Amino acid sequence: MKLAVTAPDRLSVRTVPVPDPGDLISGLPHPAALAWVRHGEGLVGWGEAARLTLPGGPDRFTTATRLLHDIFAAADIDDQVAVPGTGPVAFGGFGFDPGSDDSVLIVPRHVLGRRDGHAWLTTIGTDQAPGPTLLRPPTAPTTLTWSDGALPAPAWESAVATAVTRIRDGHLGKVVLARDLTVHAGEPIDARVLLRRLADRFPACYTFSCAGLVGATPELLIRRTGGHIESLVLAGTTARGTTPTDDTARADRLFDSAKDREEHRYAAEMVRDALTPLCSHLHVPAEPELLTLPNLIHLASPVRGHLTADRSVLDVVAALHPTPAVAGTPTPTALDLIRELEGMDRGRYAGPVGWVDARGDGEWGIALRCAQIDGTRARLFAGCGIVADSDPAAELAEAHTKFGAMRHALQG
Ligand SMILES: C=C(O[C@@H]1C=C(C(=O)O)C=C[C@H]1O)C(=O)O
């Protein structure tokens, strides 16, 4: 695949304050939805003023930064709100594997935003639409038919067993193995229905949609607000309990589990090592805390720092991806093992997903708990960190629980 840029020579961009629009997702006028929403705040976009599709390669983030910089620098911008996310923004998703061709960035024609008491509408081009008008009401998918993806459950369990052997033989410390499921619907799947259900059930996650990749991720790869950066490293997981006592017991076991602590340590240390050279100040907690979601509990390390230089959020994404939360340690060995054992192309699953504005501010998550929608078909993904003490059956159960988020979004 070649690099493709569809953009007019000069974008004419106008951001104006608007009264609080309330729920952002219900403002999306048609199924080609762009979204990044958490606790009701964030951005939704529709229409395309520009689109970049990027070939694979480790330089895909720097190429994206350069091309977006050119598009934004040439733009004629009237920004009457001037907070992160106003003016022109690009939503994007990058392929997980450096060899994957799937990276895409879209500058929407319209963006509706809401953050810290501000609400705004950005419009690009001459079509100064006053606000979203519902062109096509969302309809829920029906008659769903499920099938295995690349590896049926027993084959995936043996892939996990092979990974455990390689780890015990000293080839690597950790690898994250994922599997996919396929679902066919009776009619084209509308991203807005999935966004609605995900945002209602997982308000603390980042509910996202970009070029058909729809999900609700708890994992913040990086947020840049001026010089300030934040990240939330997740690794180490248990399903929620069925009673309050069981739930507490599971949380305690996770917190004390040497195996889960090891999985987590690889990820937190890599994020610390990658951010240290970019920051004047960096805080990585000595111990993880627990993040409790409706279906899962994770070990979590909230990271904060201050950048030394004026770098775009995408430069920081480039320094971080792929973290051991989704690849493994050491990274090149883990990537090779993923390619060998998973039997599939992850596409943009487990890659960075989010948005960036013309100042270089933005928020990027790791695309987890998601599905790639393609007309009437969707591919769901879920993965688990494997270390020396991992048990294939327990990892399969964990992947099943992780699939639950998108299954519920599709089935209602
Ligand atoms: C790979 C996924 O999740 C990642 C793996 C985790 C784990 O193995 O404990 C936890 C959170 C994520 O970093 C996924 O949800 O698909």
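**Exercise 1.** How do the residues of the lining of the largest cavity divide into nonpolar, polar and charged?

*Solution.* Before starting, note that this is a predicted model, in which local features need pLDDT of at least 70 and side-chain atom pairs count only at pLDDT 80 or more, while totals for chains, interfaces and linings use all residues. Residues are numbered from 1 along each chain as its sequence is written, and side-chain values use heavy atoms, with hydrogens and water left out.

Step 1: fix the term. On a 1 Å grid over the protein atoms alone, a cavity is a set of points where a 1.4 Å probe fits but cannot get out, and its lining residues have an atom within 4 Å of a point.

Step 2: locate the lining. It consists of 21 residues, and Ala325, Leu368, Arg369, Gly383 and Lys402 are those nearest the centre of the largest cavity.

Step 3: sort by class. Ala, Val, Leu, Ile, Met, Phe, Trp, Tyr, Cys and Pro count as nonpolar, Asp, Glu, Lys and Arg as charged, and the others, Gly among them, as polar. The lining then divides into 10 nonpolar, five polar and six charged residues.

**Exercise 2.** Find which element gives the most to the lining of the largest cavity.

*Solution.* Step 1: list the contributors, using strands (E, at least two residues) and helices (H or I, at least four residues) taken as DSSP runs and numbered from the N terminus. Strand S12 (174–184), S16, S24 and H8 each supply at least two residues.

Step 2: choose among them. S24 gives the most, with five residues.

**Exercise 3.** Describe the surroundings of the ligand, beginning with the space that the ligand takes.

*Solution.* Step 1: the ligand takes the space of the largest cavity, where a molecule sits in a cavity if more than half of its atoms lie within 2 Å of its grid points.

Step 2: examine the shell. The elements giving two or more residues to the shell around the ligand are strand S16 (228–239), strand S24 (377–386) and helix H8 (392–411). By class, this shell holds eight nonpolar, five polar and five charged residues.

Step 3: look for polar contacts, that is, pairs of N or O atoms within 3.5 Å. A polar backbone atom of Gly383 lies 2.7 Å from an oxygen atom of the ligand; for an N or O atom in the side chain of Glu263 the distance to a ligand oxygen atom is 3.3 Å, and for a polar side-chain atom of Glu398 it is 3.5 Å.

Key: A polar contact is a pair of N or O atoms within 3.5 Å; within protein, one must be able to donate a hydrogen and the other to accept it, and residues adjacent in sequence count only if both atoms are side-chain atoms. On a 1 Å grid over the protein atoms alone, a cavity is a set of points where a 1.4 Å probe fits but cannot get out, and a pocket is an open set with protein on both sides within 12 Å along at least five of seven lines; lining residues have an atom within 4 Å of a point.
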